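Visitor: Hi! Could you walk me through a structure I have just opened?
Guide: Happy to, let's put it up first.

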Amino acid sequence: MREAEQAAALAGTPLDRLMDRAGHALARLAFRMAAGRPVHILAGPGNNGGDGYVAAHYLAAMGATVTVSGHAAPVTDLARQAAARWGRGTDSLDRAPVATAVLVDCLFGTGLNRPLDQYLSGALSRHAASAARIIAADVPSGLATDSGADLGCPIHADVTLAFGALKPAHLLFPGASRMGRVMLDDLGLTITSHQTTAVMPFLPEPGFASHKYARGLVAVVAGKMAGAAELAARAALRSGAGYVRLIGSALPPSPPLAIVRQGWRDGAAILDDRIGAILVGCGLGQGEDAHARLDAARATGKPLVVDADALGLLGETRFDQPAILTPHAGEFARMGGAVVPDKISATVQLADRYNAVLVHKGPDTVIATPDGRVAIASPGNSWLSTAGTGDVLAGIAAAMLARGLPAFEAAQAAVMLQQRAAERSEKGFVADDLVKGSLWP
Ligand SMILES: NC(=O)C1=CN([C@@H]2O[C@H](COP(=O)(O)OP(=O)(O)OC[C@H]3O[C@@H](n4cnc5c(N)ncnc54)[C@H](OP(=O)(O)O)[C@@H]3O)[C@@H](O)[C@H]2O)[C@@H](O)CC1
Ligand SMILES: Nc1ncnc2c1ncn2[C@@H]1O[C@H](COP(=O)(O)OP(=O)(O)O)[C@@H](O)[C@H]1O
Ligand SMILES: [K+]
């Protein structure tokens, strides 16, 4: 939101105009949701509270029954002006809550800078308990905007109306679980940021000049637990790679027979110049063989996807070639990722350290580049929390690299395609189900 403020200043939109738009949008939403029944607004001391006073003013003008409880007197000029514009009485937060149709939480927004104390969280939860529906202005009070960390937020909103732009808390857990439905009012601002939600890049379909190598030859290096590499190879093939070689798998051939199986042959099998990307790590194991296979894959200089077991073997590696690393939270911690409640900065730090695109998986997947670009895919389909879905993701990422996408775009495509496959599958799916049919969007 600091960026929004800056953007607003640069665009010359006065902040009072923005607060007016925010308050008006809140009022329209609360009016519709209350449908003639009373609305109660909790107003904090800063500009989030200011939005609440503006909303109260507009709600009254629309003929709604509206009351306000304030926590402390407004401290910003804008909030003071807004309270004066409301002009009617403001109760204390201590007032016994009365049954309302809609509670509008305008206690704290982006300016929250410490945990809610017991008094505030108690008052907020009491008011919330006597409301049929809760609207959070910008973010539910008690969540850290930039990380989604829970600083004592006692409520689950039904609707969160974000102002200007989505912030990390709208996407990252645990914050994301408190939002209810997230709506965005851009307040008329055009905000550009190096942090975005993940998008599906354009993937051209094969044309007359296509052939299997042009569409991308993927080499999947297998290891100790061959099933994981099998899954990844299928995912690569199903997401549009022209050709997939599964190298060093101990399992007998099984469909799809289009996957070509080769022995490891001391690494000679991955030296084919036509290989567009190599995936190493799925079921690799951690023994000497595993080290040798990882080193051989790196030495080719080809674009790489490094997953699972191989992530634990990287040590001080900095990649020279395009590389995508795909740790889940446990692997991330073992790789030396910071254990801070800010998934975005921790992921950017690790991307920088390895000079690779990091895909930090979970219900909120954060994709980061060494130069600090970030794409967030959230919320993920929680049925993906089953063994082998990470192998599927890694296989798709390798296919995207092999077709020539830059690593950041390839990583986003992989997360989006894995997500779509999950959405298309029946609840209770397993990883094998995701790769039975085409993964193409
Ligand atoms: N930027 C824009 O373009 C627009 C922004 N807009 C709106 O402004 C919001 C941001 O406003 P904001 O910066 O005034 O901060 P806000 O969230 O109201 O809180 C700050 C106050 O809370 C206090 N405080 C903090 N933590 C506390 C705690 N745990 N317990 C108790 N007190 C605590 C802190 O006091 P202090 O730290 O000094 O004690 C300070 O007084 C944003 O979310 C959006 O709704 C819209 O109007 C549209 C345009
Ligand atoms: N609760 C969840 N909600 C949404 N997606 C999840 C959840 N848990 C895991 N996932 C996704 O499922 C995949 C699991 O990958 P991973 O943990 O590496 O599993 P495996 O190693 O068994 O393949 C990742 O893409 C991750 O983002
Ligand atoms: K709020």
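Guide: Here is a short chat about this chain and its two bound ligands.

Visitor: What should I know before we start?
Guide: This is a predicted model, in which local features need pLDDT of at least 70, side-chain atom pairs count only at pLDDT 80 or more, and totals for chains, interfaces and linings use all residues. Residues are numbered from 1 along each chain as its sequence is written, while chains are lettered from A and ligands numbered from 1 in the order in which they are written.

Visitor: What is the mean pLDDT of the chain?
Guide: The mean is 95, and 98% of the residues reach 70 or more; pLDDT is the predictor's confidence in each residue, from 0 to 100. For the complex, the predictor gives an ipTM of 0.97 and a pTM of 0.96.

Visitor: OK, how many helices and strands does the chain have?
Guide: There are 13 helices and 17 strands. These are DSSP runs numbered from the N terminus, with at least four residues (H or I) for a helix and at least two (E) for a strand. The C-alpha trace spans about 80 × 40 × 40 Å along its principal axes.

Visitor: What does UniProt annotate?
Guide: An unreviewed UniProt entry annotates residues 195-441 as "domain: YjeF C-terminal". Positions are given in the numbering used here, the feature names are shortened, and annotations may be inferred rather than shown by experiment. That span is 32% helix and 16% strand, and its end C-alpha atoms lie 24 Å apart.

Visitor: Changing topic: which residues are closest to ligand 1?
Guide: Gly46, Asn47, Asn48, Gly109 and Gly111 are the closest of the 32 residues around ligand 1. The elements giving two or more residues to this shell are α1 (2-11), α2 (15-34) and α3 (47-62), and α3 has the largest share, with 5 residues. A residue counts as near if its C-beta atom, placed from the backbone, lies within 6 Å of the molecule.

Visitor: And which are closest to ligand 2?
Guide: For ligand 2 the closest are Lys361, Gly380, Leu384, Ser385 and Gly390, out of 18 surrounding residues. Helix α11 (residues 389-402) gives the most to that shell, with 4 residues.

Visitor: How do the residues of the shell around ligand 2 divide?
Guide: They divide into 5 nonpolar, 11 polar and 2 charged, whereas the shell around ligand 1 has 16 nonpolar, 12 polar and 4 charged. Here Ala, Val, Leu, Ile, Met, Phe, Trp, Tyr, Cys and Pro count as nonpolar, Asp, Glu, Lys and Arg as charged, and the others, Gly among them, as polar.

Visitor: Is strand β12 buried or exposed?
Guide: Strand β12 (residues 275-280) is mostly covered, with 6 of its 6 residues buried. Buried means 20 or more other C-beta atoms within 10 Å of a residue's own, exposed means 12 or fewer, and partly exposed is in between, with C-beta atoms placed from the backbone.

Visitor: Which strands pair with β12?
Guide: Strand β9 (residues 217-221) runs parallel to β12, joined by 5 bridges, and strand β13 (residues 304-306) also pairs with β12 in the parallel sense, over 3 bridges. Pairing needs at least two DSSP bridges between the strands. Valine 218 has alanine 277 of β12 as its bridge partner, and leucine 279 stands opposite valine 305 in β13.

Visitor: Last one: why does isoleucine 41 count as buried?
Guide: Isoleucine 41 counts as buried because it has 33 C-beta neighbours inside 10 Å. This isoleucine 41 lies in strand β1 (residues 39-43).
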